Amino acid sequence: MNYLLGTDIGTSGTKTILMDTEGKLIAQNLQEYDVLTPKPLWAEQWPDVWADAALASIKNTVAESGVNPRDIRGIAVSGLYGGSGIPLDERMNPVRPCMIWMDRRADEETSWVLEKIGEEKLLEITHNGADPYYGYTKILWMKNHEPENWEKTKLFLPPNDYVIYKMTGEIAIDYSSAGNIGGIFDMNRREWSEEMMEAMGIPMSMMPQKIVESTDIVGGLKKELAMELGLWEGMPVIAGGIDCGAANIGLGVFDSGIYAAAIGTSMCAALISDKPVKGKGLIVWPYLYDAKKLSYYFAGGATAGAIVKWFRNTICQFEAEVEKAGGPKAYDVLNAEAEKLPAGSEGLVVLPYFMGERSPVWDSDAKGTILGLSLTHTKAHLYRAFLEAVAYSLRNAMEATGEYLGEYILLAGGVTKSKVWRQIFADVTGYPVVCPIYDVEANMGDVMLAGIGTGLLTYEQVKKWQVLDEKIMPDQQNHEKYNAYYGVYQSIYENLKEDMKKLSKI
């Protein structure tokens with residue numbers, strides 16, 4: 001039997017899994033760590049924390065599996081969106097911590113780009129706009145505010161590509177990671193944009209010149225690391241890519257026209273398409289499979305499951321205590337009560353912007369809002385309204401594509417455990433919802449990419465690994481009712497966004 005490894009470098013931990021080539025999970029290991037937040041709106045991590053965690057998780061997974069290392073035929077590595085990428089000096093040592101995706105410090109740089117280059121030009125070349133979220137604005141921040149570090153920096157590498165360099169000694173960047181940096185990658189040509197880099201004063205030499213598919217073998221595992229990890233010298237290391245894309249691969253998404261939403265703490269929702277999508281406010285980068293043809297049109301809610309967890313922890317302490325004492329789970333109790341209530345929670349609408357909002361709203365000042373409270377409302381009404389808020393957010397993300405090419409929504413993540421929430425997603429969007437039977441993470445996508453990259457598997461084979469549940473059809477009466485509530489959801493933000501900005505300044 002042959003086996004494959006998949007390692008995903010996350011914001012709060014790195015996980016490795018080992019699977020056989022029939023899709024059976026053999027072993028796994030998670031290494032956890034923290035994000036550095038030295039100032040408000042800052043979020044960064046030292047890259048060797050990622051590298052050490054990745055190597056430890058691989059070593060422990062191999063050891064726990066008990067399989068013959070010679071039968072482990074390859075590994076793919078995915079990672080969080082590393083924002084600026086890791087600034088490295090001429091000896092490939094980190095110059096400073098990496099500014100990750102949630103870092104919001106580059107406001108002035110964003111304004112400068114919009115003024116000097118213009119959003120129209122950015123969209124024409126890069127298909128992405130300007131925001132502190134993007135890596136290129138973070139790079140400009142470093143250039144403007146840390147000239148000594150800028151002088152030392154010779155290269156920027158994303159997290160997964162840095163770990164792959166540590167494993168193989170080879171420097172490369174996958175298409176998804178390159179495109180996700182934003183305003184310096186030409187999405188039309190699938191290469192670095194000399195025009196944009198020159199306009200921003202970012203030297204071409206600071207970007208990896210070897211751009212690879214996520215299924216490409218970047219190099220072989222170095223001898224000294226192979227001995228340390230319990231593997232073999234030269235074992236293929238496959239490029240991988242951005243973690244949310246790898247999670248889509250894990251869902252079996254290899255074709256154009258599929259809309260997939262992974263909803264956990266936050267929301268990652270994207271349309272995979274081989275046709276240009278004239279969307280608004282989307283994040284766009286090459287997909288992890290067939291990167292020169294397929295694009296990932298992404299909208300991401302900053303909070304999704306996080307607001308429901310907040311509600312349970314803050315408002316439902318009684319239910320949580322009962323659960324701790326051995327009683328029914330708090331979520332099960334809340335879901336049962338919410339299921340009894342009508343669509344729209346009898347006049348309640350919640351905005352889920354508890355941590356500002358990412359694509360397609362792009363507003364750091366957006367606030368969580370509850371509208372419509374009366375003395376007749378109960379805890380159950382509020383809970384259902386919170387579930388509906390995340391569904392409204394997904395509908396907003398879908399509509400931002402400007403068109404929709406699929407016949408259903410592929411829904412994954414913790415939300416799939418709630419029957420009432422799945423139905424709410426179908427009713428609010430008006431589309432059938434299909435969920436995977438098994439929990440899926442980026443690691444499974446990494447294993448699939450490793451299998452395709454080594455030639456041990458074809459995409460036809462790995463697509464069969466994912467078994468989907470029956471479609472959940474929308475209730476048309478509820479959908480019509482939700483159309484009216486969704487209109488209110490949209491107008492609340494438009495009417496309050498200036499007040500939200502004032503509140504932030506206060």
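**View 1. Strand 1 and strand 2 lie side by side in this predicted model.** Strand 1 covers residues 3–9 and strand 2 covers residues 13–20. The two pair in the antiparallel sense, over seven bridges. If pairing is new to you, strands of a sheet pair through backbone hydrogen bonds, either parallel or antiparallel. For one bridge to look for, start at Ile-9 and find its partner in strand 2, Thr-14.

**View 2. Six strands form an open sheet.** Reading across, the order is 3-2-1-5-14-13, and the pairing is mixed. Which strands sit at the edges? They are strand 3 (25–32) and strand 13 (217–220), each of which pairs on one side only. On average, neighbouring strands here are turned by 20° against each other, direction ignored.

**View 3. Helix 1 and helix 16 meet the strands.** Helix 1 (residues 47–65) lies across strands 1, 2, 3 and 5, and runs at about 150° to strand 3. Helix 16 (residues 442–454) packs on the sheet and touches strands 1, 2, 5, 13 and 14. The direction of helix 16 makes about 130° with that of strand 1.

**View 4. Helix 14 packs against helix 15.** Two packed helices are described by the angle between their axes and the distance between the axes. For helix 14 (residues 379–399) and helix 15 (residues 419–429), the angle is about 45° and the axes are 9 Å apart. Helix 14 is therefore oblique to helix 15. Their crossing is right-handed. Residues making the contact include Leu-387, Ala-391 and Arg-395 of helix 14, and Trp-421, Ile-424 and Phe-425 of helix 15. By class, this contact has eleven nonpolar, one polar and three charged residues.

Definitions and conventions
Residues numbered from 1 in each chain as written. Predicted model: local features only at pLDDT ≥ 70, side-chain atom pairs only at ≥ 80, totals over all residues. Heavy atoms only, no water. Axes fitted to C-alpha atoms, helices over the stretch in contact; angles between N-to-C directions. Helix = DSSP H or I, 4+ residues; strand = E, 2+ residues; numbered from the N terminus. Parallel < 35°, antiparallel > 145°, perpendicular 65-115°, else oblique. Left-handed = near helix turned anticlockwise from the far one by under 90°. Contact = heavy atoms within 4.5 Å. Nonpolar A, V, L, I, M, F, W, Y, C, P; charged D, E, K, R; others polar. Pairing = 2+ DSSP bridges.
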